[in-house]
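Colleague: I am new to this one. Can you take me through it in short steps?

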Amino acid sequence: MRSAGKNGSLLLLIVLLIVAVVAGGAIASLLQPFSWAGFLTYTKSFGIGDTQPITLDLSVLRISFGLGLRINLTQVLCILAAVLIYRRFR
């Protein structure tokens, strides 16, 4: 499975990473009821305005800024697997 050029290769990497994040989240959700899989579902949240976004109030216009990221160990493992698959087929 060879891609045509550098753009195709980058597109493949992006698609693999997106699939890995979604699959890792789904797997973590499925494993959550099991106590033995607690370490795989450990989630860390970080970002700007995690609990409440930063708000700029200009009287006429109110703008809110926030960016949050929640990632778990299963997603990290799936991302690593996706990178290895990408390197294998590159």
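What follows is a short exchange on a pocket, a residue in its lining and a ring pair.

Modeller: Bear in mind that this is a predicted model.

Colleague: Which class, nonpolar, polar or charged, has seven residues in the lining of the largest pocket?

Modeller: The largest pocket has a volume of about 170 Å³. Its lining includes Gly25, Ser29, Thr41, Arg70 and Gln75. Helix α1 (5–31) and strand β4 (67–72) each supply at least two residues of that lining. The lining divides into two nonpolar residues, one charged and seven that are polar.

Colleague: Is Gln75 buried or exposed?

Modeller: Gln75 sits in helix α2 (residues 73–89). Beyond its neighbours within four places in sequence, Gln75 touches Val21, Gly24, Gly25 and Arg70. Its relative accessibility is 10%. The cut-off for buried is under 20%, so Gln75 counts as buried.

Colleague: Which residue has its backbone oxygen 3.2 Å from a polar atom of the Gln75 side chain?

Modeller: Gln75 has Val21, Gly24, Gly25 and Arg70 among its contacts. The backbone oxygen that lies 3.2 Å from a polar atom of the Gln75 side chain belongs to Val21.

Colleague: What kind of aromatic pair do Phe34 and Trp36 form?

Modeller: The count comes to one aromatic pair. In that pair, Phe34 and Trp36 lie 5.8 Å centre to centre, with 35° between the planes. Stacked needs under 30 degrees and edge-to-face over 60, so this pair is tilted.

Colleague: Which of the two, Phe34 or Trp36, is exposed?

Modeller: Phe34 has 41% relative accessibility and counts as partly exposed. Exposed requires over 50%. At 59%, the exposed residue is Trp36.

Conventions: Residues are numbered from 1 along each chain as its sequence is written. This is a predicted model: local features need pLDDT of at least 70, side-chain atom pairs count only at pLDDT 80 or more; totals for chains, interfaces and linings use all residues. Side-chain values use heavy atoms; hydrogens and water are left out. Rings of Phe, Tyr and Trp (its six-membered ring) pair if their centres lie within 6.5 Å; planes under 30 degrees apart count as stacked, over 60 as edge-to-face and the rest as tilted. Buried means under 20% relative accessible area, exposed over 50%, partly exposed in between (1.4 Å probe, protein chains only). Helices (H or I, at least four residues) and strands (E, at least two) are DSSP runs, numbered from the N terminus. A polar contact is a pair of N or O atoms within 3.5 Å; within protein, one must be able to donate a hydrogen and the other to accept it, and residues adjacent in sequence count only if both atoms are side-chain atoms. Contact means heavy atoms within 4.5 Å. On a 1 Å grid over the protein atoms alone, a cavity is a set of points where a 1.4 Å probe fits but cannot get out, and a pocket is an open set with protein on both sides within 12 Å along at least five of seven lines; lining residues have an atom within 4 Å of a point. Grid points are joined across faces, edges and corners, and a volume is the space filled by probe spheres set on the points. Ala, Val, Leu, Ile, Met, Phe, Trp, Tyr, Cys and Pro count as nonpolar, Asp, Glu, Lys and Arg as charged, and the others, Gly among them, as polar.
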